[in-house]
Amino acid sequence: MTITANRSQLVDFTLPYMSSGISMVVPYRDQRSKRAWVFLKPLHYDLWLVSFAFLLFTGFAVWAVEHRVNEEFRGPPSYQIGTLLYFGFSTLVFAHRENLRSNLSRFAVVVWVFVVLILQSSYTASLTSMLTVPQLEPTIADYGALWRATEKVGIMNNSFMRASMTRSGFPPSRLVPYQATQGFHEALLNGTIGAVVDETPYLRLFLKAYCDNFTTAAHANRTGGFGFAFPKGSPYVADLSRAILNLTESDELSLIERKWFGDAEGCAAQGSPFTSDSLSFASFWGLFLITGATSLLCCAVHLATFIVANRRPIGELASASHVSWRGRFRRFLKLFDEKDLSSHTFRTKDGATGGGSVAGRNSVDAGASSPAVTHDAAGSPISVSNHTYISDWSLETASPAPAGAGEIIELAAAGLAEDDVTAARYPGDSSDQNDRVHQGTNS
């Protein structure tokens, strides 16, 4: 008999030979969601927010390092913001099209892509589990949900549970009594009742037979347990209580209880593999710490390099006492946003197009001031046109210039030696060429 305070006023109980309490049994429910927004469930909201924040931070770090040396990160402010956001989001699918020029930005992106790879793998595994593996959860989570629900509750007939639950404020109209625990099975399956509330030993007998479809919820409260009742003043109470203590200390009572009532944690252990929780930030904070530290380090190194390279204008800006700190900060940002013409990326680009390097400008200036000379590709011999050139002094004379004289003067004006000119006109032995040149001059 269950030991209660009211019953103890009428009889004497021995020590309890089995612990007891009030529990609730409810059916399982498959929680595999069919909603349209189920793809958000694999990650907890805190992990979504942190991932979005680090996505923006990584995009900003890459932009800060690249925008002075990379044309793809330059342009109007709206274009730069769009490039920053696009680059950050494109790393989620490893499809960014911008070519990174700086090793610092490449290092930051490699670490971030590694973090994204782990997040994607975890997200895919969790979503697959939620959509394919049965997610068995109790239909009623706890006693608070039972009180707020409208389902009827099954109890044992002639049990003290009716009076106990009525005193706690539970509506008596929702209580349905049954003669035996086997009657709960069909009523739970057809929806006649939504839960069973009874003492733990009785429910353990029920779950021993129907553990696959049902599970227990947390205990609402405890009772005095099961004991033997005797009339008041009976001398057998002390003797039987002593015998119960001997059985308890020898663990024999535990073996008897497990044999007849089953394992109390059997159903809970069977249901645990079918549950899948959302992934939270606590599982990945180490990865975000690594990628955040890497991006900060790259930004710090780039900023230090920028300050060292522009220490003179920055020093003049810092010493300008007539300018407010806001104005100085605005000018510093403007200086930081300017294109770094000393970068090898711009030098290579300008040198290829001939539009900005020092060598390119010198060659253009030299070509503009000197007479036109026809050249082949770099490293090829000089080619001379077969056209006859007429110099200024030949216009003053009546006789035409000798054949080849205009070409010799043209090449000499370009700074070529007489031997080179002769070699260009008379291929062959150099001594024969010189003789021919002298003979032509004398004649």
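**Exercise 1. Strand S4 and its partner**

Work out which way the residues of strand S4 (residues 153-156) point in this predicted model, and whether they are buried or exposed.

*Solution.* Start with the general pattern: in a regular strand, side chains alternate between the two faces of the sheet. Now look at S4: Val153 and Ile155 point one way, while Gly154 and Met156 point the other way. Next, check burial: all of these residues are buried, with buried meaning under 20% relative accessible area. Finally, find the neighbour: S4 runs parallel to strand S5 (residues 175-178), and four bridges join the two. One of the pairings to look for is Val153 with its bridge partner Leu175 in S5.

**Exercise 2. How H2 meets H3**

Describe how helix H2 (residues 45-66) and helix H3 (residues 77-90) are arranged, and what kinds of residues form their contact.

*Solution.* Begin with the axes, which come within 8 Å and cross at roughly 125°. H2 and H3 are therefore oblique to each other, and H2 passes H3 in a right-handed crossing. Then list the contact: on the H2 side you will find Phe52, Leu55 and Trp63 among the residues, and on the H3 side Gln80, Leu84 and Phe87 are included. Sorting the contact residues gives 10 nonpolar, three polar and no charged.

**Exercise 3. Placing Lys41**

Locate Lys41 in the chain, then decide how exposed Lys41 is.

*Solution.* First, Lys41 lies in the loop between strand S2 (21-30) and H2. Second, its relative accessible area is 32%, so Lys41 is partly exposed. Third, the C-alpha atoms of Lys41 and Tyr123 are separated by 9.4 Å, although these residues are 82 residues apart along the chain.

Key
Residues numbered from 1 in each chain as written. Predicted model: local features only at pLDDT ≥ 70, side-chain atom pairs only at ≥ 80, totals over all residues. Heavy atoms only, no water. Axes fitted to C-alpha atoms, helices over the stretch in contact; angles between N-to-C directions. Parallel < 35°, antiparallel > 145°, perpendicular 65-115°, else oblique. Left-handed = near helix turned anticlockwise from the far one by under 90°. Contact = heavy atoms within 4.5 Å. Nonpolar A, V, L, I, M, F, W, Y, C, P; charged D, E, K, R; others polar. Buried < 20%, exposed > 50% of the residue type's maximum accessible area, 1.4 Å probe, protein only. Pairing = 2+ DSSP bridges.
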